Amino acid sequence: MIHKLSVIFESFGTPTMEQWPSMKDLPDFKKISFPAMQPTPPHKLLPSASKSALRLICRLLAYDPDDRVPAHLALQERYFYSEPWPVHHSELRSTIAAVKQLAAEKRNAVFEIDAPFNLEGLLG
């Protein structure tokens with residue numbers, strides 16, 4: 001779990017009290033500390049993402065739960081009403097093949113997937 005937090009902080013920066021004032025109330029807050037890390041700009045993490053996609057992702061991944069966009073408002077984001085338009089899952093086969101290939105290449109990676117992921121089940 002600590003490694004997962006480190007990976008998150010390396011990408012999004014270490015949360016500060018200004019960003020997330022209530023984190024001090026978390027049960028294990030005082031048990032561990034992390035070095036201060038600056039966030040990587042979202043467009044560098046996801047260089048092919050549109051501006052509207054990056055905005056939505058940042059709003060969904062805000063550290064402070066009070067700052068996160070709720071689902072009903074997220075669905076009103078520009079991302080869902082701009083190109084590229086949604087496509088039927090049958091048109092995603094090349095993307096799914098690429099994900100499978102990446103997963104095969106990363107089998108010995110440091111991270112673990114917590115839940116089983118059945119790509120075939122997504123295709124119906």
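Let's start at Gly-13. Just after α1, Gly-13 takes a positive phi of about 85°. Helices here are DSSP runs of H or I with at least four residues, strands are runs of E with at least two, and both are numbered from the N terminus.

Some ground rules. This is a predicted model, where local features need pLDDT of at least 70, side-chain atom pairs count only at pLDDT 80 or more, and totals for chains, interfaces and linings use all residues. Residues are numbered from 1 along each chain as its sequence is written, and side-chain values use heavy atoms, with hydrogens and water left out.

Confidence next. pLDDT is the predictor's confidence in each residue, from 0 to 100. The protein averages 81, and 78% of the residues score at least 70. Over residues 109–117 the pLDDT is below 50, and this stretch has 4 contacts in the model beyond near neighbours in sequence. A contact means heavy atoms within 4.5 Å.

Now the fold. We have 6 helices and 0 strands. Along the sequence that reads α-α-α-α-α-α. Take contacts with a separation of 6 or more: residues 24 or more positions apart account for 55% of them.

What about burial? Buried means under 20% relative accessible area, exposed over 50%, partly exposed in between, with a 1.4 Å probe and protein chains only. Of the 124 residues, 18% count as buried. Helix α1, residues 2–12, buries Ser-6, Phe-9 and Ser-11. Their cover includes α2. Helix α3, residues 51–60, has Ser-52, Ala-53, Leu-54 and Leu-56 buried. Those residues pack against α2 (42–45) and α4.

On to the pocket. The largest one has a volume of about 640 Å³. It is lined by 21 residues, and the closest to its centre are Leu-5, Phe-9, Pro-15, Trp-20 and Leu-26. For the record, a pocket is an open set of points on a 1 Å grid over the protein atoms alone, where a 1.4 Å probe fits, with protein on both sides within 12 Å along at least five of seven lines; lining residues have an atom within 4 Å of a point. The volume is the space filled by probe spheres set on the points. By class, the lining has 17 nonpolar, 2 polar and 2 charged residues. Charged covers Asp, Glu, Lys and Arg; nonpolar covers Ala, Val, Leu, Ile, Met, Phe, Trp, Tyr, Cys and Pro; the others, Gly among them, are polar.

Last stop, Glu-83. Glu-83 lies in the loop between α4 (71–74) and α5 (93–105). Is Glu-83 buried or exposed? Exposed, with a relative accessible area of 60%. Its C-alpha is separated by 9.3 Å from that of Ser-50, 33 residues apart along the chain.
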